[in-house]
Amino acid sequence: MKNLREVNDDILKDWLLFREDSISSLTSEEDKKHWIYFDEISENILRNIPKENKKYVQKQLNKLDDNFMDYISYWNEKYYRNGFVDGSQLVMGCFDE
């Protein structure tokens, strides 16, 4: 059996992807306060730089966005996954004699 604590392509990853879709829908004002408005921030930056630097800065902003999303996704999955495994082990421990 696979180690469920390892970040893998499995049923837990599918569940996390499903949850990500519902979380990113910004259904409440509180959600909207804590969202990362990367596109708006990028547009503000690009409006205030010289034209000859826009392509380079845009490319770097896109890399930053991709890198940040990879970072957040990895760590969220790792900690949600470990929380799920910890909870499962607690429940299974109740049945051990």
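How many aromatic pairs does the count come to? The count comes to three aromatic pairs. In one of them the ring centres of tryptophan 75 and tyrosine 79 lie 5.7 Å apart with planes at 20°, so this pair is stacked. The model described here is a predicted one.

## Overall make-up

The protein chain contains four helices and zero strands. Read from the N terminus, its elements follow the order α-α-α-α.

Of the chain's 97 residues, 12% count as buried. The accessible surface amounts to about 8,400 Å², and carbon and sulfur atoms account for 58% of that surface. Among contacts between residues at least 6 apart in sequence, 58% join residues at least 24 apart.

## Helix H4

Helix H4 covers residues 54-93. With 40 residues at 1.5 Å a residue, H4 should span 58 Å; the C-alpha atoms at its ends are 58 Å apart, so the expected and computed spans agree.

Which residues of H4 are buried? They are Val57, Leu61, Glu77, Arg81, Asn82 and Val85. This list holds charged side chains, Glu77 and Arg81, next to nonpolar ones such as Val57 and Leu61. Glutamate 77 has a relative accessible area of 7%, and because buried means under 20%, it falls in that class. Glutamate 77 also has a partner far along the chain: its C-alpha atom and that of leucine 16 are separated by 6.9 Å, although the two residues are 61 apart in sequence.

## The aromatic cluster

Tyr71, Tyr74, Trp75 and Tyr79 form one aromatic cluster. The stacked residues, tryptophan 75 and tyrosine 79, both belong to helix H4 and sit four residues apart, about one turn of the helix. An α-helix has 3.6 residues a turn, so residues three or four places apart point the same way.

How accessible are the two stacked residues? Tryptophan 75 has 31% relative accessibility and counts as partly exposed. Tyrosine 79 is exposed, with a relative accessible area of 53%.

## A nonpolar surface patch

Ile36, Phe68, Met69, Tyr71, Tyr74, Trp75 and Tyr79 make up a nonpolar surface patch of about 710 Å². The members of the aromatic cluster, Tyr71, Tyr74, Trp75 and Tyr79, are included in this patch.

Phenylalanine 68, another residue of the patch, is found in helix H4. Its relative accessible area is 31%, which makes phenylalanine 68 partly exposed. Patch residues must have over 30% relative accessible area, so phenylalanine 68, at 31%, passes that cut-off.

## Salt bridges

How many salt bridges does a search of the whole structure find? The search finds two. One of them joins glutamate 30 and lysine 33, whose closest N and O atoms are 3.1 Å apart. These two residues are three apart in helix H2, which covers residues 29-33, and about one helical turn separates them. Glutamate 30 is partly exposed, with a relative accessible area of 42%, whereas lysine 33 counts as exposed at 61% relative accessibility.

Another salt bridge links the side chains of arginine 47 and glutamate 43, with an N to O distance of 4.0 Å. Both residues lie in helix H3, residues 38-47, and they are four residues apart, about one turn of the helix. Arginine 47 counts as exposed at 55% relative accessibility. Glutamate 43 is partly exposed, with a relative accessible area of 45%.

Note on methods:
Residues are numbered from 1 along each chain as its sequence is written. This is a predicted model: local features need pLDDT of at least 70, side-chain atom pairs count only at pLDDT 80 or more; totals for chains, interfaces and linings use all residues. Side-chain values use heavy atoms; hydrogens and water are left out. Patches are made of residues with over 30% relative accessible area and no salt bridge: like charges are joined within 9 Å, nonpolar side chains (Val, Leu, Ile, Met, Phe, Trp, Tyr) within 5 Å. Accessible areas come from the Shrake-Rupley method with a 1.4 Å probe; for residues, only the protein chains shown count as cover. Buried means under 20% relative accessible area, exposed over 50%, partly exposed in between (1.4 Å probe, protein chains only). Contact means heavy atoms within 4.5 Å. The expected span of a helix is 1.5 Å times one less than its number of residues. Rings of Phe, Tyr and Trp (its six-membered ring) pair if their centres lie within 6.5 Å; planes under 30 degrees apart count as stacked, over 60 as edge-to-face and the rest as tilted.
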